[in-house]
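Hi everyone, thanks for coming. Have a look at the structure on the screen, and then I'll walk you through a few spots in it.

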Amino acid sequence: MATVEELIARSKAAFKQFEFATQEQADAAAKAICKVIYDHAEELGPMAAEESGLGDPDDKIQKCRAKSALIWASIKDKKTVGIIDRDEEKQMLFLAKPMGVVGSITPSTNPVVTPMCNAADALKTRNSIIFAPHPRGVKCTQYVTELFRAELKKLGLPEDLVLTLDHVSMEDSGKLMKEADVVVATGGPGMVKAAYSSGRPSLGVGQGDVQAIVDRDVDLADAAKKIIDGRSFDNGLICLGEQTAFIPEEKFDEFVKAFNENGGYFVEGEEATEKLRRGVFPEVGGPISREITGRNAMEIGEMLGIDVPEGTKAIGVRPSALGAADDLCREKLCPIVSLYPYKTWEDGVAGMVENLENEGKGHSIAVHSHDEEHIEYAATQCSVSRVVVNQPSGTNGGGAMINGFTPTTTLGCGSWGGNSFSGNFNYKLLMNITRVGFPFEKPWIENLEDAWK
């Protein structure tokens with residue numbers, strides 16, 4: 001069993017061999033990382049669900065295929081070696097350089113696609129990478145690491161460009177974060193905080209609590225289906241999944257009807273509502289129940305004594321209040337979505353803001369509207385990194401074939417969420433840039449006094 005120190009030494013040695021690789025070599029390595037996950041999706045999806053005990057095997061298969069293809073398609077034509085840009089006007093050259101050893105902290109919710117995403121970006125930018133998996137994803141991560149190494153061997157590249165910890169512990173993860181050249185932390189708030197406290201440059205994520213709002217000008221059935229699809233994908237594990245949806249008050253009953261007709265089940269009555277509330281959060285303001293996390297709607301109903309109809313994909317519930325006043329407005333890592341009525345668009349957006357201020361600030365919102373002013377108002381008022389318009393947030397906010405979000409599994413929340421970056425993680429965050437400046441034929445400002453004119 002290799003120590004963290006030994007793994008770091010091997011990774012650094014491999015990096016030194018790869019540091020000046022050609023663009024073709026970097027591309028081949030990144031492509032191989034993505035393609036091997038695509039080719040093994042039907043094996044890896046169920047494996048991830050079984051080991052972690054979280055999520056839906058079929059959805060994980062779909063995730064393996066979609067993320068691998070989309071991530072490769074988004075980076076394959078990007079230049080990451082040598083001169084990557086020229087600014088003729090300012091007489092500047094920009095050269096890409098690798099960072100070194102990437103320490104990748106990966107979560108139990110994505111023990112396959114997160115290592116793939118981070119490894120593809122790392123190798124595309126000529127870095128090496130070491131994974132520190134969640135204890136409930138060790139076997140998956142070790143297996144995908146073996147797949148990655150086999151692909152690198154076929155290409156004649158150092159296999160040690162991709163490594164994983166043999167022994168998973170907080171101590172060893174901490175050592176990795178302190179010894180790596182840069183840390184990418186995808187996981188719970190505690191692990192992300194540890195990454196930022198490691199003393200190394202770190203890229204971490206924030207907590208989700210995605211707020212959705214439905215405008216008066218949209219097809220309610222269409223909006224309901226999209227919210228259900230986003231909320232239920234992989235049994236609600238995705239941090240981009242819709243958590244609370246605000247509905248026009250005069251259309252609330254109509255929306256509930258559409259919700260129930262499109263795979264949802266809206267829970268009526270305070271008794272059933274309280275069962276859901278305390279089933280998900282056993283203690284007021286406390287952590288989510290591990291028993292509920294990643295379960296499907298039918299399992300949740302059975303566990304909590306709620307008669308959920310066969311085929312239900314997501315459970316709807318109406319909270320009694322907003323923000324910290326009701327735990328049902330928090331992030332729920334299972335297919336439960338809160339539905340709340342609003343009077344005016346401004347009132348609805350204010351409700352979203354209140355929930356975000358309690359939890360999820362910096363992450364994402366979903367807007368179902370055809371009114372550009374309304375969309376821009378929500379985007380302006382909510383302190384988030386992503387606004388997903390007329391799409392399922394849970395499946396599309398991390399990049400999809402029908403939008404321009406960068407395909408990724410790691411979602412930054414900016415300073416709002418205590419992160420060093422906002423937006424979707426991408427390969428550029430793993431590059432250093434050398435800037436080369438040449439002198440102008442004449443000063444760009446002739447006289448310093450001109451600056452004040």
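**A cavity and two helices**

Okay, the structure holds 1 cavity of 30 Å³ or more. By cavity I mean a set of points, on a 1 Å grid over the protein atoms alone, where a 1.4 Å probe fits but cannot get out. Points are joined across faces, edges and corners, and the volume is the space filled by probe spheres set on them.

Before I go on, this is a predicted model, so local features need pLDDT of at least 70 and side-chain atom pairs pLDDT 80 or more, while totals for chains, interfaces and linings use all residues. Residues are numbered from 1 along each chain as its sequence is written, and side-chain values use heavy atoms, with hydrogens and water left out.

Back to the cavity: about 60 Å³ of space lies in the largest one. Its lining residues, meaning those with an atom within 4 Å of a point, include Ala 48, Lys 60, Cys 64 and Pro 111. Which helix gives the largest share of that lining? Helix 4 (residues 57–75) does, with 3 residues. Helices here are DSSP runs of H or I, at least four residues, and strands are runs of E, at least two, numbered from the N terminus.

Next, helix 10 (residues 252–261). Phe 252, Phe 255, Val 256, Ala 258 and Phe 259 are buried there, and buried means under 20% relative accessible area, exposed over 50%, partly exposed in between, with a 1.4 Å probe and protein chains only. Why do I say they share a side? Because they cover an arc of only 160° around the axis, they sit on the same side of helix 10; the arc uses directions from the helix axis to the C-beta atoms. On the face turned away, you'll find the exposed Asp 253, Lys 257 and Glu 261.

Phe 252 has company too: Arg 318 lies over its face, 5.5 Å from the ring centre. That counts if NZ of Lys or CZ of Arg is within 6 Å of the centre and within 35 degrees of the ring normal.

Helix 8 (residues 189–196) has buried residues as well, namely Met 191, Val 192 and Ala 195. Their arc is only 100°, so they are on the same side of helix 8. Pro 189, Gly 190 and Lys 193 are exposed on the face turned away.

Last stop, Tyr 427, in the loop between strand 16 (422–424) and strand 17 (431–437). Tyr 427 counts as buried because its relative accessibility is 7%.

Methods
1 Å grid on protein atoms, 1.4 Å probe; cavity = no way out; pocket = protein on both sides within 12 Å on 5 of 7 lines; lining within 4 Å.
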